[in-house]
Amino acid sequence: MAGIYLHIPFCKQACYYCDFHFSTSLKKKDEMLIAIKRELLLRKNEFGGEKIETIYVGGGTPSLLTAKELESIFFVIYDNYKVVNNAEITLEANPDDLTEQKIKELAKLPVNRLSIGIQSFFNDDLKFMNRAHTAEESKKCLTVALQYFDNITIDLIYGVPNMNTEKWLENLKLAFKFGVPHISSYALTVEEKTALYNFIKKGKVLPLDENLALEHFNLLVTEAEKNEFVQYEISNFGKQNYFSKHNTSYWLGCNYLGIGPSAHSFNGIERYWNVSNNTKYIKALVADKLPNEVETLSVNNLFNEYIMTGLRTIWGVSYQKIRKDFGEIYLQQLKKNAQPFIKRGLLELTNNTLITTKKGKFLVDGIASDLFKINS
């Protein structure tokens, strides 16, 4: 089974914290859509006719596209790929795009899951992040969307300056009150080449407070559990039967095809990534060329990726899988390196599987990097 990720590289405006590839100009939108469909056609046999179980339309802001434009993309996919009947098909959307009319139109498409970028239910936070929507638009779109879509996830950001614990708790309470079955929640981070990075560098914004982020994260974990959400990945919380199938396939090492500028693909051995430039991407596809680079992953790369993704999920890192896929030397090194973290209560060994404890979850990326195999 495999998945398809489509990167739609357009946004109304630039969020101050975002370092994804996008453009705020829609001048090349028509050319881009033609190029994306061309790439889908050129790569249709890449996975040998493997069945497609998930489709994820991300970006950027895919909800900027009309229902007709989205429909034309789905037509190419369904006409050239083997999509299973119950495929999970997710569309990322911003609240300001989700009018009642737009939601009704989306409900008629193959889309059966919405990922809505709420980020916060407070206008001052949204203004700080330079989001294009208001808190009122968030609440209104959720009220309507839940009438047409059963499977909805929302994004929330914590660790935002001036967002005290009470305010963060109110964000969570509103999310639970709406009854969405899935929440993806991330700490605000500072990436180079973003407006937020420059604001902090120039002293216009105070540096982010890691202690505040940790406090928010712990509250998130506690409140989500109280409301019967399962933290199946560090940043993802879902009710039973509402885990993201697409994202889970990434974490479990399944094959996926990345279509669009900057999109990544994986076939179990090699990783591909498309050029992060709209003009170059379009130009290549017009000439029927694939605008990507390829890296064949070493055994160490594959091992390290499995450690990183495994420790972030409830499925953990299986000693049996390590022995089978990488060999006894890798297993013995992992056991040795994991021991100090087990003693500190950051990792635990259950049924021959290494799992991150509650205490270790906020530190998981650092723990994983200490377990990586660096030398051959």
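A residue is called exposed when its relative accessible area is over 50%, buried when that area is under 20%, and partly exposed in between. The structure described here is a predicted model, and these three words are used in that sense below.

## Salt bridges

K358 has a relative accessibility of 54%, so this lysine counts as exposed. Its salt-bridge partner is E225, and the closest N and O atoms of the two residues are 2.9 Å apart. The two partners come from distant parts of the chain, 133 residues apart: K358 sits in the loop between strand 15 (353-356) and helix 14 (364-371), while E225 belongs to helix 8. E225 has a relative accessible area of 46% and is therefore partly exposed.

In total, the structure holds 16 salt bridges. Side chains of opposite charge can pair when their charged atoms come close. Three of the pairs, including the one just described, are set out in the table.

| Salt bridge | Closest N and O atoms | Source |
|---|---|---|
| K167 with D125 | 2.9 Å | predicted model |
| K358 with E225 | 2.9 Å | predicted model |
| R323 with E328 | 2.8 Å | predicted model |

Where do the partners K167 and D125 lie? K167 forms its salt bridge with D125; because K167 lies in helix 6 (residues 165-178) and D125 in helix 4 (residues 123-129), the pair ties together parts that are 42 residues apart in sequence. Both ends of this bridge are covered: K167 has 11% relative accessibility and so counts as buried, and D125, at 2%, counts as buried too.

The bridge between R323 and E328 has partners of another class of exposure. R323 has a relative accessibility of 40% and is therefore partly exposed. E328, with 37%, is likewise partly exposed. Elsewhere, K12, D96 and D97 are joined into one network by salt bridges that share partners.

## Surface patches

Some acidic side chains gather on the surface. E166, D209, E210 and E215 make up a patch of negative charge there. Of these residues, E215 is placed in helix 8, which spans residues 210-226. Helix 8 also carries E225, the partner of K358. A relative accessible area of 43% makes E215 partly exposed. A residue enters such a patch if its relative accessible area is over 30% and it has no salt bridge, and the 43% of E215 lies over that limit.

A second patch is nonpolar. L252, I314 and W315 form it on the surface, and together they have about 270 Å² of accessible area. W315 is found in the loop between helix 11 (299-312) and strand 13. With a relative accessible area of 34%, W315 is partly exposed.

## A three-stranded sheet

Strand 13, which follows the loop that holds W315, takes part in an open sheet of three strands. The order of that sheet is 13-15-14, and its pairing is antiparallel. Strand 13 (317-318) and strand 14 (347-350) are the edge strands, each pairing on one side only. Strands 14 and 15 run antiparallel and are joined by four bridges. Across this pairing, L349 stands opposite L354 in strand 15.

## Backbone details

The loop between strand 14 and strand 15 contains N351. What is the sign of phi in N351, a residue other than glycine? The value is positive, near 50°. Most residues other than glycine have a negative phi. N351 has 73% relative accessibility and therefore counts as exposed.

D288 also departs from that pattern: its phi is positive, about 60°, although D288 is not a glycine. D288 is located in the loop between helix 10 (278-286) and strand 12 (292-296). At 41% relative accessibility, D288 is partly exposed.

One further position concerns spacing between parts of the chain. T143 lies in helix 5, residues 135-148, and is partly exposed, its relative accessible area being 44%. T143 and G179 are 36 residues apart along the chain, and their C-alpha atoms are separated by 9.9 Å.

Methods:
Residues numbered from 1 in each chain as written. Predicted model: local features only at pLDDT ≥ 70, side-chain atom pairs only at ≥ 80, totals over all residues. Heavy atoms only, no water. Patch = residues over 30% accessible without salt bridge, like charges linked within 9 Å, V, L, I, M, F, W, Y side chains within 5 Å. Areas by Shrake-Rupley, 256 points an atom, 1.4 Å probe, with all protein chains shown as cover. Salt bridge = Lys/Arg side-chain N within 4 Å of Asp/Glu carboxyl O. Lys, Arg positive; Asp, Glu negative; His and termini not counted. Charge placed at Lys NZ, Arg CZ, Asp CG, Glu CD. Helix = DSSP H or I, 4+ residues; strand = E, 2+ residues; numbered from the N terminus. Buried < 20%, exposed > 50% of the residue type's maximum accessible area, 1.4 Å probe, protein only. Pairing = 2+ DSSP bridges.
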